[in-house]
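Some notes on the aromatic contacts and on one helix follow. Please read them with the structure open.

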Amino acid sequence: MKQYPPRIEVVGNADAVAERAAATIIGQLRDRQPVTLGLATGATMTPLYARLVTATRAGLISFRAASSFNLDEYVGVAPQSPGSFRAYMQEHLFRHVDMPAERARIPDGMAADVAAEAARYEAQIAAAGGIDLLLLGIGTNGHIGFNEPGSDFASRTREIRLDEATRTANAGSFPDRASVPRRAITMGVATILDAKRILLVATGPEKAAAVAAAIEGPVGTACPASALRLHGNVDVLCDESAAAALVNRPYTNDRRRA
Ligand code: F6R
């Protein structure tokens, strides 16, 4: 399998990462319309979405001609429930920008037939002409979307059992441990690799080991994010603490640059 080194940029802190990542998305919204974005939820994305909201309010960008597909949603969590990824997206992005609601897509975690919902979601992405720019975070265990370690690189959108580490990381959105969902519906690794361009964003020291495994470890299912090295059009944007375990530096903007 041919491997492609991702473009890696290390900037000072989480704010600088959000600024750079937002600039990439703003550039895409300005250059190419209509554009189809792939979107992630989570703490890493919150400051980035805040910048997109500010840019929209300032009239610098518009989502009028954009469409989006979120990576994942919990199974059994209603969209209006505060812990759902739909609720997160509404709060942090969708209700503040001018993207038509019917074009802001998230898998339906309440679908009676999750396998059918997964197939429908794949078909919807294909019908939209694929994803132009997919935004990814990374789990401390190397997951992308909710493709937990062991996920096949040929996997498509499907139901998955969440690792306990993932449940722990995401427990803050739920009142108690027992309410943290055990299952989710996620784009597969192959669905992710079909995106035309990918931007992986990582901040904080807790991501350092996963970032190093993804970029410098073996390519394999033990680290789902290592699959990104098979893609060829991937940007990785990290703050200093998330980049701390990388050995083969320097990278762009690296303070430790020779
Ligand atoms: C969320 C998603 C996950 C997160 C990852 C990092 O839609 O697909 O892969 O990107 O778990 O989450 P945070 O940013 O909360 O550390």
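1. The structure holds six aromatic pairs. Keep in mind that this is a predicted model.

2. One of the pairs joins Y74 and F146. Their ring centres lie 5.8 Å apart, with 35° between the planes, and the pair is tilted. Y74 sits in strand 4, while F146 sits in the loop between strand 6 (133–136) and strand 7 (158–161), so the pair ties together parts that are 72 residues apart in sequence.

3. Are these two rings buried or exposed? Y74 has a relative accessible area of 2%, so Y74 is buried. F146 is at 3% relative accessibility and also counts as buried. The cut-off for buried is under 20%.

4. Y74 has a second partner to check, F174. The centres of the Y74 and F174 rings are 5.4 Å apart and the planes meet at 80°, so this pair is edge-to-face. The pair links distant parts of the chain. Y74 is in strand 4 and F174 is in the loop between helix 5 (164–169) and strand 8 (183–186), 100 residues apart. F174 is buried too, with a relative accessible area of 11%.

5. Which residues do ring pairs link into a cluster with Y74? They are F85, F146 and F174.

6. F85 leads on to helix 3 (residues 85–92). The buried residues of this helix are F85, A87, Y88, M89 and H92. What covers them includes strand 2 (36–39), helix 2 (46–57), strand 3 (67–70) and strand 4 (72–74). Strand 4 is also where Y74 lies.

Methods. Residues are numbered from 1 along each chain as its sequence is written. This is a predicted model: local features need pLDDT of at least 70, side-chain atom pairs count only at pLDDT 80 or more; totals for chains, interfaces and linings use all residues. Side-chain values use heavy atoms; hydrogens and water are left out. Buried means under 20% relative accessible area, exposed over 50%, partly exposed in between (1.4 Å probe, protein chains only). Helices (H or I, at least four residues) and strands (E, at least two) are DSSP runs, numbered from the N terminus. Contact means heavy atoms within 4.5 Å. Rings of Phe, Tyr and Trp (its six-membered ring) pair if their centres lie within 6.5 Å; planes under 30 degrees apart count as stacked, over 60 as edge-to-face and the rest as tilted.
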